[in-house]
Amino acid sequence: MRDSHVKGPGFAALRPCKPETDPSSFPVYPDLVERLVEAKQHPDPDGVLPHVMATCSAYAYAGFQQGGDPDTVAMIMARLGLDENDTRVFEQRVDALYIASAAYLVQDKDRRVAILCYRGTQPEDIISILTDADVRPEMLSVELEGRRHEVHAGFYRNVRATRHLVIAALERALRGESVNPAEHGTKGDGLEALYLTGHSLGAAMAAIMAITLVHEPRYRHLAEKLKGVYTFGQPMVGGPDLARACEDTPGPDGTHVLRDRLLRYIFDRDVVPALPPRPVGPYAPFGREFHYRRPRDLMDTALTLAADSAIEALTLPGDVVRAAVDRDWSGLGLRVTEGTRRSLRPLLRSHAPGWTEVAEPGLHYPQMDSLAGLAVVAPLAFFATRLALTRTIPFKYSFDDHGPGHYVNSLAPPGVLSEFGDVL
């Protein structure tokens, strides 16, 4: 286990060669702490919170030789508005069990806010890739209507690997202590707002940690401070029963945290939110879904409709066989109806690019129907984006759209400074 702590820089240290009046100076959001504490809507009307969480999730990938880099995360969060923050990272690796867990905990200098950010799948790290591929379910013991529910084994193990250190640090924050165990004393009234976030594998870990905090009685005092859960490119973490329980079962004070304040962001044709694929078992999402669509002309929209319809038709024979074996003809009818509506969705939304909330459950980003989407379609789309002639081919899924930079750039409010002080 690796446990590291750093102190983030102050604003003056971030602009040593610039006058105070320079328009590209820091912080990006001068009132970020107040925004995080006072947030009553999710996402907030100005779009600040999703941008901050996406940026934090993206820079959680910083590191060398499979190790985390809290200095970079602390610096980026200072640039965004949390100057002189305390950033602590907990890391655990057990290669034989496909555990590659990293959790960053960022605390503002006045100890009012904490952001728990889980690192996603490192592109060069085969262990964390195998974690994503591990689809054998394990049981997550949470109090959801008195039942136990199956969750993705790899995601679950990665959360558990660092959970107890994370909880101990959150307990310190709740008491007004620093998350740095070497620093003693209290400040203020303690933690007022807690946020969970992550991209890819990190997003799945954030979702599971949210379930744990909200529905395990021993963590209710922490869950009462949980303002929001922002995930980006999140794969599904459990089956339909778990999703329904998360949606229906209230958390602290009767609030439906996992239904109303868990926000899943999906960039265009990102392949990961469609995983795990349906042949390995039924999985389902929960929370609120926000989907970004690139602007497309009528020809691209028509090609997308044709491609999606063709894939739906190719998967239909397998659905018929499964329905015959299970004698679930009503399920097959529902499946065909939802598939048709999903195929028509691009045509209906051809003039509405950008971020929109998907309020109708039947139109949620669907679980991948076959392994071909993961093994063939998404890789082809990745290489097609590298060539101008093939860049606009309407593949159903794309690895390229999973990049954290897409989420950061598309969620930046108009005219906002980037994390480097540039106007986007």
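Helices (H or I, at least four residues) and strands (E, at least two) are runs assigned by DSSP and numbered from the N terminus. The legends below describe close-up views of a predicted model.

**Figure 1. Ser200 in the loop between strand E9 and helix H7 of the predicted model.** Strand E9 spans residues 193–199 and helix H7 spans residues 201–215, and Ser200 lies in the loop that separates them. The phi angle of Ser200 is near 65°. This is a positive value in a residue other than glycine.

**Figure 2. The contact of helix H6 with helix H7.** The axes of H6 (residues 153–174) and H7 come within 10 Å and cross at roughly 60°. The two helices are therefore oblique to each other. H6 passes H7 in a right-handed crossing. On the H6 side, the contact is made by Phe155, Tyr156, Asn158, Val159, Arg163, Val166 and Ile167. On the H7 side, these residues meet Leu201, Ala204, Met205, Ile208, Met209, Thr212 and Leu213. By class, the residues of this contact divide into 11 nonpolar, two polar and one charged.

**Figure 3. Helix H3 against helix H4.** Helix H3 covers residues 48–59 and helix H4 covers residues 70–80; their axes cross at roughly 160° and come within 9 Å. Angles over 145 degrees count as roughly antiparallel, and H3 and H4 are therefore roughly antiparallel to each other. Their crossing is right-handed. From H3, the residues Val52, Thr55, Cys56 and Tyr59 meet Thr72, Val73, Ile76, Met77 and Leu80 from H4. This contact of H3 with H4 has seven nonpolar, two polar and no charged residues.

**Figure 4. Helix H3 against helix H14.** H3 also meets H14, with axes that come within 9 Å and cross at roughly 160°. That angle makes H3 roughly antiparallel to H14. The crossing in which H3 passes H14 is left-handed. Pro50, His51, Ala54, Thr55 and Ala58 in H3 meet Pro404, Tyr407, Val408 and Leu411 in H14. Seven nonpolar, two polar and no charged residues make up the contact of H3 with H14. Thr55 thus belongs to the H3 side here, as it does in the contact with H4.

**Figure 5. The aromatic pair of Tyr59 and Phe420.** With ring centres within 6.5 Å taken as the criterion, the count comes to 10 aromatic pairs. One of them joins Tyr59 and Phe420, whose ring centres are 6.4 Å apart. The planes of the two rings stand at 70° to each other, and the pair is edge-to-face. Tyr59 lies in helix H3 and Phe420 in the segment after helix H14 (404–411), so the pair ties together parts that are 361 residues apart in sequence. Tyr59 is also among the H3 residues that meet H4.

**Figure 6. Cis peptide bonds at Pro43 and Pro276.** The peptide bond that joins His42 and Pro43 is cis, with omega about -5°. Pro43 is found in the loop between helix H2 (32–38) and helix H3. A cis bond also runs from Leu275 to Pro276, where omega is near -5°. Pro276 is found in the loop between strand E11 (262–267) and strand E12 (288–293).

**Figure 7. Model confidence and the stretch of residues 387–391.** The protein chain has a mean pLDDT of 83, and 74% of its residues reach 70 or more. Over residues 387–391, by contrast, the pLDDT is below 50. Beyond near neighbours in sequence, this stretch has four contacts in the model. Where pLDDT is low, the predicted coordinates should not be read in detail.

Notes:
Residues are numbered from 1 along each chain as its sequence is written. This is a predicted model: local features need pLDDT of at least 70, side-chain atom pairs count only at pLDDT 80 or more; totals for chains, interfaces and linings use all residues. Side-chain values use heavy atoms; hydrogens and water are left out. Axes are lines fitted to C-alpha atoms, for helices over the stretch in contact, and angles run from 0 to 180 degrees between N-to-C directions. Angles under 35 degrees count as roughly parallel, over 145 as roughly antiparallel, 65 to 115 as roughly perpendicular and the rest as oblique. A crossing is left-handed if the near helix is turned anticlockwise from the far one by less than a right angle, and right-handed if clockwise. Contact means heavy atoms within 4.5 Å. Ala, Val, Leu, Ile, Met, Phe, Trp, Tyr, Cys and Pro count as nonpolar, Asp, Glu, Lys and Arg as charged, and the others, Gly among them, as polar. pLDDT is the predictor's confidence in each residue, from 0 to 100. Rings of Phe, Tyr and Trp (its six-membered ring) pair if their centres lie within 6.5 Å; planes under 30 degrees apart count as stacked, over 60 as edge-to-face and the rest as tilted.
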